[in-house]
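Here are my notes on this one, jotted down as I went through it. Have the structure open while you read.

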Amino acid sequence: MKRFIVALMVAFLSLSSLSSVSAHPHHDDDDYSVREELAISKKALKKYRDIDVALDEGFVGLVPGACVPNMGIHLVKPSRADDAKLNIKKPEILVYEPRKDGSYKLVAAEWYVPAEETDKTPKLFNQKFQGPMDNHDGSKGQHYDLHAWLFKKNPDGMFTPENKRVSCKYAE
């Protein structure tokens, strides 16, 4: 019984260490650890299925009301988007798909790092970010980003930036 409790504590401490990572985290190449990290992210982000929770917590429209085809509506949290700090539980951007009834479905999260804040391509979930690329909102500068389709399956892969299953049909 004592060995079981010790093993349980070691497992708990191992999982809790995955909750926060730097812009250049060390990752084991084991797919299982990536799946665990994705599960941790998904659990932490479930509260944002209600878009009002995201808005109440300071997420704002990247381009107000704009829906990007095969992506959705991006809401950014400005206080997280100006540095190279990455946390699997706290993405800089949440992505929503507009629904017929006027509501919004959380479909993805996006992690974002300004290019001037890092000297290496950031990595998270054992994936290199895309970029550097010009900022999408027309502002000066470049950035790196990584999408994770945590709440809507992407037939082209979890980390592919666009998802052909996401529609802007009901965007206002």
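1. Let's start with a single side chain: does His 74 count as buried or exposed? His 74 counts as buried, because its relative accessibility is 9% and the cut-off for that label is under 20%. You'll find His 74 in strand E2, which covers residues 73–76. Keep in mind throughout that this is a predicted model.

2. While you're at His 74, have a look at Ala 108 too. The two residues are 34 apart along the chain, and their C-alpha atoms are separated by 9.3 Å. Ala 108 falls within the range of strand E4, residues 104–114.

3. Now the overall layout. The chain has three helices and eight strands, and the order from the N terminus is α-α-α-β-β-β-β-β-β-β-β. Of the 172 residues in the chain, 41% are buried.

4. The sheet to trace is an open one with six strands, in the order E1-E2-E3-E4-E8-E7 and with antiparallel pairing. E1 (60–61) and E7 are the edge strands; each has a single partner strand, so one side of each lacks a neighbour in the sheet.

5. Strand E8 deserves a closer look. Why can we call E8 largely enclosed by the rest of the structure? Because six of its seven residues, in the run 142–148, are buried.

6. On one side of E8 in the sheet order comes E4, and on the other E7. E4 and E8 run antiparallel and are joined by six bridges. If you want a pair to click on, Trp 111 has Leu 146 in E8 as its bridge partner.

7. The pairing of E8 with E7 (residues 130–134) is antiparallel as well, over three bridges. Here Met 133 has His 143 in E8 as its bridge partner, while Gln 130 stands opposite Asp 145, also in E8.

8. Last, turn to the surface. Which residues gather in a patch of positive charge there? They are Lys 42, Lys 43, Lys 46, Arg 49, Lys 89 and Lys 90. Arg 49 sits in the loop between helix H2 (31–45) and helix H3 (51–56). Its relative accessible area is 47%, so Arg 49 is classed as partly exposed; the exposed label would need over 50%.

Notes:
Residues numbered from 1 in each chain as written. Predicted model: local features only at pLDDT ≥ 70, side-chain atom pairs only at ≥ 80, totals over all residues. Heavy atoms only, no water. Patch = residues over 30% accessible without salt bridge, like charges linked within 9 Å, V, L, I, M, F, W, Y side chains within 5 Å. Areas by Shrake-Rupley, 256 points an atom, 1.4 Å probe, with all protein chains shown as cover. Salt bridge = Lys/Arg side-chain N within 4 Å of Asp/Glu carboxyl O. Lys, Arg positive; Asp, Glu negative; His and termini not counted. Charge placed at Lys NZ, Arg CZ, Asp CG, Glu CD. Helix = DSSP H or I, 4+ residues; strand = E, 2+ residues; numbered from the N terminus. Buried < 20%, exposed > 50% of the residue type's maximum accessible area, 1.4 Å probe, protein only. Pairing = 2+ DSSP bridges.
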